[in-house]
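Here is a friendly walk through one structure, with the sequence and the 3D view to hand. Please keep both open as you read.

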Amino acid sequence: MQMNGSSSSFGPGGLDLAQSFFKPIQNGAPPSTTKRHTKISVVGVGNVGMAIAQTILTQNLADELALVDAKPDMLRGEMLDLQHAAAFLPRTKISASADYSVTVGSDLCIVTAGARQKPGESRLNLLQRNVALLSDIIPPLAKHSPDSILLIVSNPVDLLTYVSWKLSGFPSNRVIGSGTNLDSSRFRFLIADHLNVNAQDVQAYIVGEHGDTSVALWSTISIGGVPVLSFLEKQQIAYEKQTLENIHKEVIDSAYEVINLKGYTSWAIGYSVAKLARSLLRDQRKIHPVSVFAKGFYGIDGGDVFLSLPAHLGRGGVLGVTNIHLTDEEVEKLRKSAETILEVQNQLGF
């Protein structure tokens, strides 16, 4: 059953208030058919999905927002809750349904739905359940919006982005995982906090798996355009490698800390995904570390694999991968990260 927004018809006679309330001007033309109408669909209205939806609305990123979930009561409740804020938000049509036809004509489909790990359940078994879940989600999304971009947020994001690519039949540039975009934001925050500068002035990337084998690209970090490590060396300022590794470990552990404290993460991933949506749909051509088809980059050739690399994003999806010079150690770690993902991927047999 589809649950739409409010209608212009009113009362049992179906009086169309829009037609009655407004009188068209003389010699006018109908609205231009070339005007761009932007539609975003969000699958999964849990804490993450709703944080994303709320941020999309407040940042005025879509003309239409469609919500999909398997729980119709909660879905309708979330839709109504957002609609009731209409007087405080940019004008956006909000609809919701358990039927994927509500997503038809989407420019961007964001998938946050995922099964939660049961006590004692193996990571592989959880992954298999999430693959089964995506098997019911991705094909109808692709059917109703064959020209859309798929943005996968569900975890483990690199593996599920690969699965979504296979299920959709989309070209690889139109299937993206949220990857380490948020990890990199955490990384930038921690560095900025250490040096007492604005995080927006810190250029720093976490790449590879969104997980324990992620790679901090220390060799490429700059602050206000100044490469950090080379500056320290030229100034003969000593630093310990362990200090750098501790910061990276803090990035990896930070999500677990938030989950332990409040039960889930939501706001930071909401802002992260909204930033990706803006870059994609507004053709911003910004660089984001997101999960992309990585085969052929930095010697990754063990099979088809998605992991995070600094990607150039625009209206066509992934426009390219930034050719950043990495140290030999960073390249080796990145390849091992790819091997870790591929090992689990092969166990899936997908």
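How many bridges join strand 13 to strand 14? The answer is 2 bridges, and the two strands run antiparallel. Keep in mind throughout that this is a predicted model.

## A small open sheet

Strand 13 covers residues 222-223, and strand 14 covers residues 226-227. Across the pairing, Ser222 stands opposite Pro227 in strand 14. Both strands belong to an open sheet of 3 strands, which has the order 10-13-14 and antiparallel pairing. Strand 10 (202-203) and strand 14 stand at the edges with a single partner strand each, so one side of each has no neighbour in the sheet.

Val226 is found in strand 14. With a relative accessible area of 38%, Val226 is partly exposed. Together with Phe231 and Ile237, Val226 makes a nonpolar surface patch of about 250 Å².

## The annotated histidine

Which residue does the UniProt annotation "active site" cover? According to that record, an unreviewed entry, it is His210. On the model, His210 sits in the loop between strand 11 (206-207) and strand 12 (215-216). The relative accessibility of His210 is 26%, so this residue counts as partly exposed; the cut-off for buried is under 20%.

What does His210 touch, leaving aside its neighbours within four places in sequence? The contacts are Asn155, Val157, Asp158, Gly179, Thr180 and Asp183. One of these, Val157, brings us to another part of the chain, since helix 5 spans residues 157-168.

## Tyr162 in helix 5

Helix 5 also holds Tyr162. Is Tyr162 buried or exposed? At 6% relative accessibility, Tyr162 counts as buried.

Setting aside neighbours within four places in sequence, Tyr162 is in contact with Asp304, Phe306, Gln345 and Phe350. Of these, Gln345 falls within helix 10 (residues 328-348), and Phe306 falls within strand 16 (306-314). Tyr162 and Ser291 are 129 residues apart along the chain, yet their C-alpha atoms are separated by 9.2 Å.

## Strand 7 and its partners

Strand 7 (108-111) is covered on both faces. Leu108 and Ile110 are buried on one side, and Cys109 and Val111 are buried on the other. As a general point, side chains in a regular strand alternate between the two faces of the sheet.

Strand 7 pairs with strand 4 (residues 39-43) through 4 bridges, and these strands run parallel. Here Val43 stands opposite Val111. Strand 7 also pairs with strand 8 (residues 149-152), again in the parallel sense and over 4 bridges. In that pairing, the bridge partner of Cys109 is Leu150 in strand 8.

## Salt bridges

How many salt bridges does a search of the whole structure find? There are 6. Side chains of opposite charge can pair when their charged atoms come close. Among the salt bridges is the one between Asp107 and Arg315, whose closest N and O atoms are 2.8 Å apart. Asp107 lies in the loop between strand 6 (93-97) and strand 7, while Arg315 lies in the loop between strand 16 and strand 17 (317-321), so the pair ties together parts that are 208 residues apart in sequence. Asp107 counts as buried, at 8% relative accessibility, whereas Arg315 is partly exposed at 26%.

Another salt bridge links Lys295 to Asp304, with the closest N and O atoms 3.6 Å apart. Lys295 is partly exposed at 40% relative accessibility, and Asp304 is partly exposed with a relative accessible area of 25%. Asp304 is also one of the contacts of Tyr162. Within helix 10, Lys333 and Glu329 lie 4 residues apart, about one turn of the helix. Their side chains meet in a salt bridge with an N to O distance of 3.5 Å. Lys333 is partly exposed, with a relative accessible area of 40%, and Glu329 also counts as partly exposed, at 40% relative accessibility.

Definitions and conventions:
Residues are numbered from 1 along each chain as its sequence is written. This is a predicted model: local features need pLDDT of at least 70, side-chain atom pairs count only at pLDDT 80 or more; totals for chains, interfaces and linings use all residues. Side-chain values use heavy atoms; hydrogens and water are left out. Patches are made of residues with over 30% relative accessible area and no salt bridge: like charges are joined within 9 Å, nonpolar side chains (Val, Leu, Ile, Met, Phe, Trp, Tyr) within 5 Å. Accessible areas come from the Shrake-Rupley method with a 1.4 Å probe; for residues, only the protein chains shown count as cover. A salt bridge is a side-chain nitrogen of Lys or Arg within 4 Å of a carboxyl oxygen of Asp or Glu. Buried means under 20% relative accessible area, exposed over 50%, partly exposed in between (1.4 Å probe, protein chains only). UniProt positions are given in the numbering used here, feature names are shortened, and annotations may be inferred rather than shown by experiment. Contact means heavy atoms within 4.5 Å. Two strands pair if DSSP finds at least two bridges between them.
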